[in-house]
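This briefing is meant for a reader meeting the structure for the first time. Please look over the sequence and the model below before going on to the points that follow.

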Amino acid sequence: KRVGSATSLSSSIINNRLQELVKLFKERTEKVKEKLTDLDITSDDETPDASPAKLAPVAAPVPPPGGEPEGDKPVGDEHYCEMLCCTFKYRPWLHHLKNYQFPSSIDPLTNLMYVLWLFFVVMAWNWNCWLIPVRWAFPYQTPSNIHCWLFVDYLCDLIYLLDILVFQTRLQFVRGGDIITDKKAMKENYLQSQRFKMDVVCLLPLDFLYLKVGVNPLLRFPRCLKYMAFFEFNSRLESILSKAYIYRVIRTTAYLLYSLHVNSCLYYWASAYEGLGSTTWVYDGEGNSYIRCYYWAVKTLITIGGLPDPKTLFEIVFQLLNYFTGVFAFSIMIGQMRDVVGAATAGQTYYRSCMDDTIKYMNSYKIPKTVQNRVKMWYEYTWHSQGMLDESELLVQLPDKMRLDMAINVNYNIVSKVALFQGCDRQMVFDMLKRLRSVVYLPNDYVCKKGEIGREMYIIQAGQVQVLGGPDGKTVLVTLKPGSVFGEISLLAAGGGNRRTANVVAHGFANLFILDKKDLNEILVHYPESQKLLRKKAKRMLQNNKRKDEKGAPGDPLIIRPKASTPKLFRAALAAMGRTGRKGPLAQLQWRLKELKATQATQVSMGRMAIWLCFLRCQAAALPDQLQRLSLRCLKGVSSGHRGLTPIPPKSPVHRRSPVISNKAPTGPGEEISSKSSDSLVTIRVISTAQEEEEILAAEISEKEEEKKEE
């Protein structure tokens, strides 16, 4: 017994192990199939995790004598350096800065380093533009601080020189559609440009005249001609700013302040020319000279009034020129400010106009207030969440390639996770991304209803939706969050399988991407392999859903439970008993059932045969005597020699008599004529009816005949 139990135990262990191996092989086969059908799936075996049990070091590191191993040192020790008796820590960015190599060519459109350099160039240009007039008009440049002014001046000149020698000669340019990056070609392109000529004029060495006329700031006026760098910096900065209109407003305000700044400098120069305090119109020399002159310039250019009248001819001419200049300058500034603010609020203006037109339309058709409030809510939420009413309007003007790039960055991470599209052609997925459209749903809006035809697939971009079900249709089955996808089976289902199976309601505000079935079919025409794969996946998903529906949810009560199928064990036992020579009660039961079916079929065939013979005999009774005898002999031969045949009986027991003339006497209605066969087993009765030339034929089989058939 112990040997038998040990054997059975070992056999059970072997069987269990074999089952585990079979299961593992099946899982591996499924993974290989998925990898072959879906190129995006990466196998777990390709990048195995390094385990310490499998990996052995080639050579163990030898720790230095009297110290810790190198691997135990903290990472921060790599940035320490010793100098004399102290230890200093230097930043990693300093190390990167030391090893930095200046690029041989610079892309002026996308290189942020070039934008940063332009910022320094513009700062140097602003220094010259703002402070040269101040140093020329006001007595702020004195022999005691002349060295500070000259230091900053020459620092700005150095920035100008570096811009010419280092940066401008390395700028890429486009020639015939090609981006030129050759050093010689870039240098020649800059030397032949108008900007090079202006840069050379900016750096004219007029400072040598300081030795003869003294340090006169007006000799540095050519430094203000580097205005091209200023406009280039504005263009590059606006392209990288998310809210460029703010910078435009600041820049326009700076234009106005600079014009007032120049006017204040001119007013102080005119006052000094006439003599400070000589008349009531000039500056009297009290207080802060710059602030008081700036105040006068503001009142003059904006034409506020309240200024003293000019006395001399010089003062009158100066004031007239000031007024004319102020009118034109101020009107230009106001117009430019209006354009900047209008461009900044163009979207808001469009939103308000659409809102007003919609409200006017709803009021004209007397739409209920509840519907109007929901429409207004949709407008407000869509505008505040997206900053626009329709995203597609911005992408219409872009080329197809750029629209695809934007769609990939926005939607590809979500669409690539949809199980239905995994394994499809990547270009097909890209074409599908361009067909997605964004729709905003309000709280409690039905995204789709149960039973309706599904023509769209939904991808949740923001917000949440709830799937409702249950007997009342209001039970929350699941809540879908951003990144979830639903309705994908409806894109490919056919033959009634594309009906919605549940209600989906927006829980709060929800922003969804929608893919229309028509758009997908237009795309799949060009990708037949992907179309086949999608059909197979959709069919498999539908089958899985049907199985789930047949099983039913655990909480759903079944009104009519499905019929239980025959147990597999019982079917196997019946099959086994059938192969053992019909031994045992199960085999005998099966044999008895077969005999009963054969007996029932024989009885039915014999009954049909008897009725058919009776019918033929009645037909023979209407023939002449000689033919009647001949036909009866033939019928007896047929009935005795072909009992096993099953002729086709007539369609109805009511028989319409043949038009052949009969010699029998007429009978009244209700009378019957009976006749028996030669063996007295079959009795045929003919019953007359009330209708003329219509009789009922009846055939009876005796009990002896039935007993013989059963034997």
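A nonpolar patch of about 570 Å² lies on the surface of this predicted model, and Phe151, Leu155, Leu158, Leu161, Leu162 and Leu165 make up this patch. The points below start from that patch and go on to the nonpolar cores, two buried helix residues and a strand hairpin.

**Surface patch**
- Leu155, one of the residues of the patch, belongs to helix α4, which covers residues 146–167.
- With a relative accessible area of 41%, Leu155 counts as partly exposed, because this class lies between the limit of under 20% for buried residues and that of over 50% for exposed ones.

**Nonpolar cores**
- In soluble globular proteins, nonpolar side chains tend to be buried together.
- The largest nonpolar core holds 30 residues, and the members that touch the most others are Val415, Phe421, Met428, Met432, Leu492 and Leu534.
- At least two residues of this core come from each of α15 (400–415), α16 (426–433), β7, β10 (503–516), α17 (517–524) and α18 (528–551).
- Met428, when residues up to four places away in sequence are not counted, touches Ile523, Leu524, Tyr527, Ser530 and Leu534.
- A second core, separate from the one just described, has 23 residues, among them Ala124, Cys129, Ile132 and Tyr160.

**Cys129 in helix α3**
- Cys129 is placed in helix α3, which covers residues 112–137, and its relative accessibility of 6% is under the 20% limit, so Cys129 counts as buried.
- Apart from neighbours within four places in sequence, Cys129 has contacts with Cys224 and Tyr258.
- Between Cys129 and Arg223 there is a separation of 94 residues in sequence, while their C-alpha atoms are 8.0 Å apart in space.

**Asn234 in helix α8**
- Asn234 is part of helix α8, formed by residues 227–240, and Asn234 is buried because its relative accessible area of 3% is under 20%.
- Once neighbours within four places in sequence are set aside, the contacts of Asn234 are with Tyr247, Arg251 and Tyr255.

**The β7–β8 hairpin**
- Strand β7, residues 456–469, pairs with strand β8, residues 475–480, in the antiparallel sense, and five bridges join the two strands.
- Within this pairing, Gln466 is found opposite Thr479 of β8.
- The two strands β7 and β8 make a hairpin in which five residues lie between them, and in the turn Gly470 has a positive phi of about 90 degrees.
- Strand β7 is also one of the elements that supply at least two residues each to the largest nonpolar core.

Notes
Residues are numbered from 1 along each chain as its sequence is written. This is a predicted model: local features need pLDDT of at least 70, side-chain atom pairs count only at pLDDT 80 or more; totals for chains, interfaces and linings use all residues. Side-chain values use heavy atoms; hydrogens and water are left out. Two strands pair if DSSP finds at least two bridges between them. Helices (H or I, at least four residues) and strands (E, at least two) are DSSP runs, numbered from the N terminus. Patches are made of residues with over 30% relative accessible area and no salt bridge: like charges are joined within 9 Å, nonpolar side chains (Val, Leu, Ile, Met, Phe, Trp, Tyr) within 5 Å. Accessible areas come from the Shrake-Rupley method with a 1.4 Å probe; for residues, only the protein chains shown count as cover. A salt bridge is a side-chain nitrogen of Lys or Arg within 4 Å of a carboxyl oxygen of Asp or Glu. Buried means under 20% relative accessible area, exposed over 50%, partly exposed in between (1.4 Å probe, protein chains only). Contact means heavy atoms within 4.5 Å. A nonpolar core is a set of buried Ala, Val, Leu, Ile, Met, Phe, Trp, Tyr and Cys residues joined through side-chain atoms within 4.5 Å.
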